[in-house]
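Welcome, and take a moment to look over the model before reading on. The paragraphs below walk through it step by step, beginning with a single residue and widening from there.

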Amino acid sequence: MYSTKLKFCLNLLFLFIHYCSTKEDIYKEELYIRPLSSGHTYFNLLFTTVVSPDILKSNIVHHYHLFPKVIADIVRSNGVSEFHVSLTQGLWRYDRWGMPIVGAPPGAEVWAWFKPDEQKDVASRWTSFAHELGGLLCASLNFVASNVSSSSPHYSFRPQSTLSVSNSAKLDNSLLRYAALPREIVCTENLTPWKKLLPCVAGGSNHKGLAGLLDNAPKLHHSDYHSLRMDLRQICANTECTSTQLELSMALAIVVNTATSKPNHNEWTFRSIFGSNVAQSCPLSSLTNIYVDLQLSSTHSLNISPEPDHSIKQGTVPIVIYDLNNDKRKDTTFAMSCTHTKQQISNNNQNASLSPPIVVHRYATGYSVRDGGIETVIKIHEEQTNDQITLLYFEQIPWYFRVFLHTLKITTLDDPRTELQPDHISYVPGKDRERSYQLELIVKTKQSIVISFEFEMAFLKWNEFPPDPNHGFYIPSAVISTILPSKSNYILRSLNSFSLNQSLSSSDGFVRLYSESLLVNLPTPDFSMPFNVICLGCTAVALAFGGLHNLTTKEFAFGPKRSQTSFRQRLQDLKVRLMASRHALTQRLFKKTPVQHDHAE
């Protein structure tokens, strides 16, 4: 009896200790705002949750305080070490908008590292993970589960978990899966389940903090660029990295056109962009900051309301900060507005400082219906040409575009006759209906380059075409990864911590750029001709089937024999009928009506 009570008390004690340990979860809300010279404004909402990695262990009972339980279940059941997924509508314009905090290709992109497991292979876990994550976000990620649309890059997508050197040295790209769906459409069906994973949204309808801006955003899906992303990885809990933590980063980036009817004048408010102001701060958030990048202040006159709490400098760019957790703003509604007008006189050096360090463009070449090619232009800014830059180029091309490796050519943009040799080439040939093509290049250069190669278009079977075959077939975006050698004026996400608060203080300069996704027409048969043949054949069969059906199903029998009359008798009957008809017609036409007399009383 006493032993049972002792066990019960010990269990309660262990549960209490574990519950208290979950209270160490950290949740941060951040909003980064950057007015752009093109008349747009860049908004990046970031929600970061840091918890203990013990939450993924399957041999203990967990209490989920701030971390979403459904994410932990998906990661634990499939043995995922880290994953990154993005759903993007639109294309980021590097030459007009500069560098984003973190880039994303048009459509859907997902890549994940798996833990070594002898019982389950990576292919089955990748399929299960893609289906579960697609069901959670209401996205068509089930199409990336097969090997036809996924690959395992060697260098481009290394783990972003900040593990020790001994752990990170044992990397096997067979544990990595990468896939992209450039045709995926992003809408409110993806945003609704995504924002329900946030701590201050899942509890009720009265949402507080920065997450409340997503309740009714009129320009959220009418923006020029809209990207949802989710990143899960392990980070070091201390400088010695003796212990780790689990970091879940959820970000929403939009680019909205804030230009007004006045020339060179832009104006926006929280209510005009998000439909509401910030209704107090989230009580679960340990950090709620709003950062406004004043990089445009060198060429524009900016007017921001209200006054910021303090300001810092990122390189030469001033950044003002609003702390919504301080005593002055904690329990009040925060409203923000901004107007910026372009100055008449601007310095060329100031305009050059706003130019991005690297710009990527990609084009489809060729004019026939059988042969084609791809040409990627990587422009490097003049300030970056002093030091040599190492570019990591990655392409994943569907199997029906048969790539010819011998046509690969790397030339300089200024002189097409000057060819460059890559330091390393990793090429995985595709296989029809089984595996896509994979190309990775490592190029060291000081100037802008052009990467081009040719391919041959395959003939598909009639049942392999999509419902709209004349729309064309998409080629996913090319991925260029590099580390900027010089200090950049743009805010880039740090690999040490995805939180903007730490990225402002320390940035390693790592960037990943995405080019345009290409739309190429394959040799497509005239599907209207089979339709016409089917219609004509069905009509002919229907007409012939009626008579054939009558002949094969009806029974023929002789009817009763009629009495035969002479020809003279039939003429006599016809004459009688005609005389009767004539008499009836005469009576109807010349019928006399009786005369009516008026009688006077």
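Let us begin at Thr 48, a buried residue with a relative accessible area of 2%. The cut-off for that word is a relative accessible area under 20%, so Thr 48 falls within it. Please keep in mind that everything described here belongs to a predicted model. Thr 48 sits in strand β2, which covers residues 40–51. Which residues does Thr 48 touch, not counting those up to four places away in sequence? They are Ile 26, Tyr 27, Lys 28, Glu 247, Leu 248, Ser 249 and Ser 499.

With one residue in mind, we can step back to the chain as a whole. The chain has 601 residues, and 46% of them count as buried. Its secondary structure consists of 12 helices and 27 strands. If you take the contacts between residues at least 6 apart in sequence, 76% of them join residues at least 24 apart. On the outside, the chain exposes about 32100 Å², and carbon and sulfur atoms supply 54% of that area.

Leu 210 is a good place to look at contacts again. You will find Leu 210 in the loop between α7 (199–202) and β7. Is Leu 210 buried or exposed? Its relative accessible area is 0%, so Leu 210 is buried. Leaving aside neighbours within four places in sequence, Leu 210 has contacts that include Glu 29, Glu 30 and Leu 31, as well as Leu 45 and Phe 47. Further along the chain, Leu 210 is also in contact with Val 278, Thr 288, Asn 289, Ile 290 and Leu 324. Thr 288 lies 78 residues away from Leu 210 along the chain, yet the C-alpha atoms of the two are separated by 7.8 Å.

Next, turn to strand β26, residues 510–514. Of its 5 residues, 4 are buried, so the strand is largely enclosed by the rest of the structure. Its partner is strand β25 (residues 479–483), and the two pair in the antiparallel sense over 5 bridges. Within this pair, Val 479 stands opposite Tyr 514 in β26. As background, side chains in a regular strand alternate between the two faces of the sheet.

Strand β26 also leads us to the enclosed spaces of the model. There are 5 cavities of 30 Å³ or more in the structure, and the largest cavity holds about 220 Å³ of space. This cavity is lined by 19 residues, and those closest to its centre are Ile 101, Val 102, Gly 103, Arg 493 and Arg 512. Three elements give two or more residues to this lining, namely β4 (107–114), β7 (225–236) and β26. Which element gives the most to the lining of the largest cavity? That is β26, with 4 residues. By class, the lining of the largest cavity divides into 11 nonpolar, 3 polar and 5 charged residues.

There is an open space to visit too. The largest pocket has a volume of about 760 Å³. Its lining is made of 25 residues, and Phe 143, Ser 149, Leu 181, Tyr 400 and Tyr 474 lie nearest the centre. The elements that give two or more residues to this lining are β6 (176–181), β19 (389–397) and β24 (473–475). Sorted by class, the pocket lining has 15 nonpolar, 6 polar and 4 charged residues.

Our last stop is the backbone itself. Most residues other than glycine have a negative phi, and most peptide bonds are trans. A few places in this chain are worth comparing with that rule. Cys 138 has a positive phi, near 55°. Cys 138 belongs to the loop between α4 (122–137) and β5 (150–151), and its 43% relative accessibility makes it partly exposed. Gln 280 also has a positive phi, near 65°. The place of Gln 280 is the loop between β10 (278–279) and β11 (287–293), where Gln 280 is partly exposed with a relative accessible area of 28%. Finally, where is a cis peptide bond found? One joins Ser 305 and Pro 306, with omega at about 0°. Pro 306 lies in the loop between β12 (300–305) and β13 (310–314).

Conventions: Residues numbered from 1 in each chain as written. Predicted model: local features only at pLDDT ≥ 70, side-chain atom pairs only at ≥ 80, totals over all residues. Heavy atoms only, no water. Buried < 20%, exposed > 50% of the residue type's maximum accessible area, 1.4 Å probe, protein only. Pairing = 2+ DSSP bridges. 1 Å grid on protein atoms, 1.4 Å probe; cavity = no way out; pocket = protein on both sides within 12 Å on 5 of 7 lines; lining within 4 Å. Points joined across faces, edges and corners; volume = space filled by probe spheres on them. Nonpolar A, V, L, I, M, F, W, Y, C, P; charged D, E, K, R; others polar. Contact = heavy atoms within 4.5 Å. Areas by Shrake-Rupley, 256 points an atom, 1.4 Å probe, with all protein chains shown as cover.
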